[in-house]
Amino acid sequence: MEATDWKNLPFGYFKTDYNIRCYYRNGKWGELEVSSSEYVSLHMAATCLHYGQEAFEGLKVFRGADGKVRIFRWEENAKRMQNSAYGIMMANVPSELFKEAVFKAVKLNEKYIPPYGEGASLYVRPLLIGSGPQVGVKPASEYMFMVFVGPVGPYFKEGFNPVNIQIVRDYDRAAPLGTGSYKVGGNYAASLRSGERAHDEGFASVLFLDAKEKKYIDEAGPANFFGIKGNTYITPNSHSILPSITNMSLREIAKDLGLTVEQRSIAVDELGSFDEVGACGTAAVISPIKKILDRETCTVYEYCKDGKAGPISTKLYNQLRGIQEGTVEDKFNWNTIIE
Ligand SMILES: *Cc1c(COP(=O)(O)O)cnc(C)c1O
């Protein structure tokens, strides 16, 4: 491979050498297959193309200061994919199969794991689709599970620098009893138009409110929302948000650092009383937020008055990154070393 400019990697698609595929037919999963093609051949009536039978995952692999390769909480991603599969009636991917495919994809593309200290990592993208044909609205009887990987840089070009986001009231990402808690493509399709408009208007992301009352914070686009008030970490407990593994981890780190953790409804009005707010997810870990504009009411909430991330967000970020990179003790046992 030509020399890669690790420091300036975007968060985007990067071609590597191999990907893994596995097919579910006649009620069972077949053997893992290694492919070097970037393409899949699909039946034109596959349910993923027509009825949205598609779920994905995203997790990261880091090369540590000690040279070891660590994958972060893969069991949680496996469980979540099982939940997504359940939610939209796809074949279940057992954790062992998930692990085998993910680890194999990482090992076969080992040379693409960025070196320590470049702010980059290897992103792993497992994907489950309905591949069997249906024209009537029914779940497929065949499924395809794939895993590809690629080195990525930070999700926001700002890195760990505060971003601006906007509250939207004219779009919802997910209905209260819809698919918001499953990691499925349809939720993303529903968020694209408002997300692009936010970008065009100069914002990094949108902040969705609960679809029913438009009163509570739901999700920060493709990331969970949290706020810090005094010594408390507060994050919404809505049924229509995606249970973020980063958020789950930050809650545990926060407790460990002596903070109180609350998972509860957060009314929009409460935004003015937070000391720090942020969005969290695998891609960025934490994106500190410096300004929230309520697009309709024109109310503005401001944080990070000195232009920098707040002290608690910074501490949480450093702890989590440190655990992932092997410089902070992994006392929760979140990493698995890939040999
Ligand atoms: C994946 C995702 C997140 C973040 O989850 P992590 O497990 O922390 O990466 C948050 N919100 C949505 C809508 C997502 O799809």
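Start with the whole chain in view and consider its contacts: among those in the protein between residues at least 6 apart in sequence, 71% join residues at least 24 apart. Keep in mind on this tour that what you have open is a predicted model.

With the cartoon shown, step through the secondary structure, where the protein has 6 helices and 17 strands. The protein is as compact as a globular protein of its length, because its radius of gyration is 20 Å, close to the 20 Å that the globule rule gives for 339 residues. If you turn the C-alpha trace along its principal axes, the span is about 55 × 50 × 35 Å. Switch next to a surface, of which the protein exposes about 15600 Å², with carbon and sulfur atoms supplying 50% of that area. Colouring by burial brings out another side of the chain, since 52% of the 339 residues of the protein count as buried.

**The ligand**

Select the ligand and the 14 residues around it, of which Lys183, Tyr188, Ser244, Thr246 and Thr282 come nearest. Coloured by class, this shell shows 5 nonpolar, 5 polar and 4 charged residues.

Which atoms of arginine 80, proline 222 and isoleucine 245 should you look at here? For arginine 80, pick the side chain, where a polar atom lies 2.7 Å from an oxygen atom of the ligand. For proline 222, show the backbone instead, since a polar backbone atom of this residue is 3.2 Å from a nitrogen atom of the ligand. Isoleucine 245 is also to be viewed by its backbone, with an N or O atom there lying 2.8 Å from an oxygen atom of the ligand. With these atoms on screen, add the surface of the protein, which covers 96% of the 380 Å² of accessible area that the ligand has on its own.

**Glutamate 270**

Move on to glutamate 270, which you will find in the loop between β13 (260-263) and β14 (276-281). Is glutamate 270 buried or exposed? Its relative accessible area is 15%, and since buried means under 20%, glutamate 270 counts as buried. Show its side chain together with that of lysine 229, and you can follow a polar contact of 2.8 Å between the two. To see the surroundings of glutamate 270, add Lys229, Ile234, Arg264 and Ser265, with which it is in contact once its neighbours within four places in sequence are left aside.

**Serine 194 and glycine 202**

Select helix α4, which runs over residues 185-200, and pick out serine 194 within it. Serine 194 is buried, and its relative accessible area is 0%. Which residues should be displayed beside serine 194, if neighbours within four places in sequence are left aside? They are Tyr171, Val206 and Phe208, each in contact with serine 194.

From there go to glycine 202, which sits in the loop between α4 and β10 (205-208). Glycine 202 counts as exposed, with a relative accessibility of 54%. If you draw a distance from its C-alpha atom to that of asparagine 318, which is 116 residues away along the chain, the separation is 28 Å.

**Two residues with positive phi**

Select valine 285, whose place is in strand β15 (residues 285-294). Valine 285 is not a glycine, and yet its phi is positive, at about 60°. It counts as buried, with a relative accessibility of 4%.

Then select asparagine 333, found in the loop between α6 (311-325) and β17 (335-337). Phi is positive in asparagine 333 too, near 65°, although this residue is other than glycine. At 64% relative accessibility, asparagine 333 counts as exposed, whereas valine 285 counts as buried.

**Serine 37**

The last stop is serine 37, in the loop between β3 (33-35) and α1 (47-50). Serine 37 is partly exposed, and its relative accessible area is 29%. Display its side chain and the backbone of tyrosine 39, and you will see a polar side-chain atom of serine 37 lying 2.9 Å from the backbone nitrogen of tyrosine 39. Not counting residues up to four places away in sequence, serine 37 touches Asn19 and Arg21, so that these two can be added to the selection. Finally, a distance drawn between the C-alpha atoms of serine 37 and threonine 16, which are 21 residues apart along the chain, comes to 9.8 Å.

Conventions. Residues numbered from 1 in each chain as written. Predicted model: local features only at pLDDT ≥ 70, side-chain atom pairs only at ≥ 80, totals over all residues. Heavy atoms only, no water. Near = heavy atom within 4 Å. Polar contact = N/O pair within 3.5 Å; in protein donor to acceptor, adjacent residues only side chain to side chain. Areas by Shrake-Rupley, 256 points an atom, 1.4 Å probe, with all protein chains shown as cover. Nonpolar A, V, L, I, M, F, W, Y, C, P; charged D, E, K, R; others polar. Helix = DSSP H or I, 4+ residues; strand = E, 2+ residues; numbered from the N terminus. Rg over C-alpha atoms; globule rule 2.2 N^0.38 Å. Buried < 20%, exposed > 50% of the residue type's maximum accessible area, 1.4 Å probe, protein only. Contact = heavy atoms within 4.5 Å.
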